[in-house]
Amino acid sequence: LIGSKWSKPIIKFRVAKYPKYSLLDKEVINQELKRAFDLWSQVANVEFELDGQKKSSNGFYNYLNDLYTTKSNDPIDIDIRFEAGYHGDSEP
């Protein structure tokens, strides 16, 4: 993937599965994801949307109360899942 880039200016992502057991709650995870995607946006010519919810003008995502599962039918570019054990990629 070295040298590859997104072919579109808006990248849609979702958190399809949060950790079952974590010291971090969903809001902290969301804040950290927001921070990472904001940083990425600053150095790349892309914007990020959380499951179809556009980034607002003040830089914060319009997080919904129900982020545990997504309801959009829009295609997702980045699907984030917190998994444990064997899950098909040879990295338990």
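1. Burial of two phenylalanines. In this predicted model, Phe13 and Phe37 are both buried. For Phe37 the relative accessibility is 6%. Because a residue is called buried when its relative accessible area is under 20%, Phe37 counts as buried at that value. The student may begin by locating these two side chains.

2. The Phe13–Phe37 pair. The rings of Phe13 and Phe37 form a tilted aromatic pair, with 4.3 Å from centre to centre and 35° between the planes. The pair links distant parts of the chain: Phe13 belongs to strand E1 (residues 10-17) and Phe37 to helix H1, 24 residues apart. This contact therefore deserves attention as a link between a strand and a helix that are distant along the chain.

3. The Phe37–Trp40 pair. Phe37 also pairs with Trp40: the ring centres are 5.9 Å apart and the planes lie at 15°, so this pair is stacked. The reasoning rests on the angle, because planes under 30 degrees apart count as stacked. Phe37 and Trp40 are 3 residues apart in helix H1, which means that about one helical turn separates them.

4. The aromatic cluster. How many aromatic pairs does the count give? The count comes to 4 aromatic pairs. Phe13, Phe37, Trp40 and Phe48 together form one aromatic cluster.

5. Trp40 and the surface. Is Trp40 buried or partly exposed? Trp40 has a relative accessible area of 33% and is therefore partly exposed, whereas Phe37 is buried at 6%. Trp40, which is found in helix H1 (residues 26-43), also helps to form a nonpolar surface patch of about 320 Å² together with Trp6 and Val43. Trp40 thus appears both in the aromatic cluster and in this patch.

6. Overall arrangement. The protein has 1 helix and 3 strands, and along the sequence these follow the pattern β-α-β-β. Of the 92 residues in the protein, 25% are buried. Strands E1 and E3 run parallel and are joined by 4 bridges.

7. The two faces of strand E3. Strand E3 covers residues 78-81. Which residues make up its covered face, and which its uncovered face? Ile78 and Ile80 form the covered face, while Asp79 and Arg81 form the uncovered one. Asp79 is partly exposed, with a relative accessible area of 39%, and Arg81 is partly exposed at 45% relative accessibility.

8. Arg14 and Asp79. These two residues are connected in two ways. In E3, Asp79 is the bridge partner of Arg14. The two also form a salt bridge, in which the closest N and O atoms are 2.7 Å apart. Arg14 lies in strand E1 and Asp79 in strand E3, so the pair ties together parts that are 65 residues apart in sequence. Arg14 is partly exposed, with a relative accessible area of 24%.

9. Lys8 and Asp77. As background, side chains of opposite charge can pair when their charged atoms come close. In this model, Lys8 forms a salt bridge with Asp77, and the closest N and O atoms are 2.7 Å apart. Lys8 lies in the segment before E1, and Asp77 in the loop between strand E2 (47-50) and E3, so this salt bridge ties together parts that are 69 residues apart in sequence. Both residues count as partly exposed: Lys8 has a relative accessible area of 34%, and Asp77 has a relative accessibility of 25%.

10. The network at Arg81. The count of salt bridges comes to 6. One of them is between Arg81 and Glu83, with the closest N and O atoms 2.7 Å apart. Lys17 joins Arg81 and Glu83 in a network of salt bridges. Glu83 is partly exposed, with a relative accessible area of 32%. Arg81 thus has a place on the uncovered face of strand E3 and in this network.

11. A charge over a ring. A further contact involves a charged residue and an aromatic one. Lys26 lies over the face of Tyr18, at 5.8 Å from the ring centre.

Technical notes. Residues are numbered from 1 along each chain as its sequence is written. This is a predicted model: local features need pLDDT of at least 70, side-chain atom pairs count only at pLDDT 80 or more; totals for chains, interfaces and linings use all residues. Side-chain values use heavy atoms; hydrogens and water are left out. Patches are made of residues with over 30% relative accessible area and no salt bridge: like charges are joined within 9 Å, nonpolar side chains (Val, Leu, Ile, Met, Phe, Trp, Tyr) within 5 Å. Accessible areas come from the Shrake-Rupley method with a 1.4 Å probe; for residues, only the protein chains shown count as cover. A salt bridge is a side-chain nitrogen of Lys or Arg within 4 Å of a carboxyl oxygen of Asp or Glu. Rings of Phe, Tyr and Trp (its six-membered ring) pair if their centres lie within 6.5 Å; planes under 30 degrees apart count as stacked, over 60 as edge-to-face and the rest as tilted. Buried means under 20% relative accessible area, exposed over 50%, partly exposed in between (1.4 Å probe, protein chains only). A charge sits over a ring if NZ of Lys or CZ of Arg is within 6 Å of the ring centre and within 35 degrees of the ring normal. Two strands pair if DSSP finds at least two bridges between them.
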